[in-house]
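Open the model in your viewer and keep the selection tool at hand. The stops below are meant to be taken in order.

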Amino acid sequence: MVKKHGLYSHNSLSSFKSASSWFEVYAAFSTLTILLRTAINDLIPHQLRSYIVSKLEGFFCKYQPSNKASIKINQFWDETCGERNELFEAALTYLPTKITHTYKSLKVGRRQNQKHLELAVDGGDDVVDEFEGVKYTWKLNEGSREESMNRKNNFVLTFNEKQRQRVLDQYIPHVVKSYEAMKNERRILKLYSWLDDFWNESDLSHPATFDSLALSPELKKDIVDDLDRFLRRKELYKKVGKAWKRGYLLYGPPGTGKSSLIAAMANHLKFDVYDLELSSIISNSDLMRCMKEASNRCIIVIEDIDCNKEVHARSKPNGSSDDRDSESDSEGSKMKSKRFTLSGLLNYMDGLSTSGGEERIIIFTTNHKEKIDPALLRPGRMDMHIHMSFLKGKAFRMLASNYLGIEGDHPLFQQIDDLLEKVEITPAVVGEQLLRYEDPHRCLEELVQFLQQKVKDSNCDGVGRVVFSRSFDTDSLI
Ligand SMILES: Nc1ncnc2c1ncn2[C@@H]1O[C@H](COP(=O)(O)OP(=O)(O)OP(=O)(O)O)[C@@H](O)[C@H]1O
């Protein structure tokens, strides 16, 4: 028994010893793990750690039965009302940077006035992109021309099902972020014109800038300050419950630089321009659709707004200037809702319609401000009214500097200033005069003679002041 007891004691002692040595090993291992973890956390930056983890995951994924998942990215979010899907645009811009030498179906081209060749993705081949060690496969599905017109183009992004969350949380945001950075970097501004129910795209190559514009320096400063202030105020607009839009009315005779000012604004803000002819808009829903399809951060231009009969000042003696309420429930009003009306435009201006779009500048141009319905012109709709007027002294100095390279003063400037006070002449007309000869002095002498002749003509006609501007049917520059 003692023996037995001794035996028991020995066994229990040795099992106790082995348990304690296991415990020691375990404790040492845990301590080591904690130390290692702390050291790794301290020494290896977070990004590198997640990169290594994703690499390892990617490696092991290869050897697991793959359950593919895919997502479809349509060009238009909704095929019927045509809201653009920015993710599609992002993929279109981002993926060409991922085309490798193994890609068999290349689309190559060069834009006008660009030095570099550009690559584009086409539907013939998949593009494989690797992000943090995981591969993603993109396929562009381009429909037939008819299908494209019906907005059926799309990308299909395929990946391992296990990566679903990573795709949504990390990969897609990475694509969008890269796209935005690329857009800002090699910014080629676009001009879109609404034709046949589509925004037709071309490059906006108008070189006008605020430096090249002949405007009074004070007006120029006011406009630039206003634009910059608008860009900074996203939060304020939100706080006061206003749509983040700003409206400018540019009015003045033809040839005073309205189109050039729009181009200068676009180049300053790096915003694309959407040029809308109201005559091509048939109904309010048409207007909403084209506004929806325009991107954010853009300038929407409605030129010669006075030429559209819907936006003329209404002659009703007691009519309110806002005609939203005036539509009755009659059959006639049903027909009306199918047409383009001033109220449709007002709704858009007020941000009431579901037109989407943020950070937009809306510009109306007109040669006849008085013909526009006052409802359109009130602050909140047209926030700043900019009068583009005939050429006078300070603005002329800018033209002389831009066209002839004359900085500072010139002996003929005073005489030209005096003559410009006597005739009303547009910068476009004077600009053409300044291009006639290569010698700057000769140009100015000829300009003096030209202006003197105009003054003489006006006196002969018995008119105190004459107006020289370009004819109304001249094409606008953008
Ligand atoms: N203020 C200006 N500063 C510099 N150039 C100007 C200015 N105004 C006109 N020009 C020159 O005149 C030409 C015509 O100008 P622009 O088309 O901008 O005028 P506009 O007011 O838009 O005319 P329209 O009403 O006919 O469209 C341009 O080539 C531009 O270079």
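The tour goes from confidence to the nonpolar cores.

Start by colouring this predicted model by pLDDT. The chain has a mean pLDDT of 80, and 78% of its residues reach 70 or more. The model scores are ipTM 0.96 and pTM 0.67.

Next, select strand S13, residues 384-387, where confidence in the chain is highest, at 95. Then switch to helix H10, residues 331-337, where confidence is lowest, at a mean of 49.

Now select residues 1-8. Here pLDDT stays under 50, and the model has zero contacts for this stretch beyond four places in sequence. Follow with residues 470-478, where the pLDDT is also below 50. How many contacts does this stretch have in the model beyond near neighbours in sequence? The count is 21.

Move on to the largest nonpolar core, which has 68 residues. Select Ile262, Val273, Tyr274, Ile299, Ile300, Val301 and Ile363, the residues with the most contacts inside this core. Add helix H8, residues 258-269, which supplies the largest share of the core, six residues. To see which domains take part, colour domain 2 (200-314 + 332-387) and domain 3 (393-468): the core draws at least three residues from each of them.

Centre on Ile300. Setting aside neighbours within four places in sequence, Ile300 is in contact with Tyr274, Leu276, Ala294, Arg360 and Ile362.

For the last stop, select Ala90, Leu95, Leu140 and Phe159. They are among the 18 residues of a second, separate core. In soluble globular proteins, nonpolar side chains tend to be buried together.

Notes
Residues are numbered from 1 along each chain as its sequence is written. pLDDT is the predictor's confidence in each residue, from 0 to 100. Helices (H or I, at least four residues) and strands (E, at least two) are DSSP runs, numbered from the N terminus. Two residues are in contact if their C-beta atoms, placed from the backbone, lie within 7 Å. A nonpolar core is a set of buried Ala, Val, Leu, Ile, Met, Phe, Trp, Tyr and Cys residues joined through C-beta atoms within 7 Å. A residue is buried if 20 or more other C-beta atoms lie within 10 Å of its own, exposed if 12 or fewer, and partly exposed in between; C-beta atoms are placed from the backbone. Domain bounds come from an automatic or database domain assignment.
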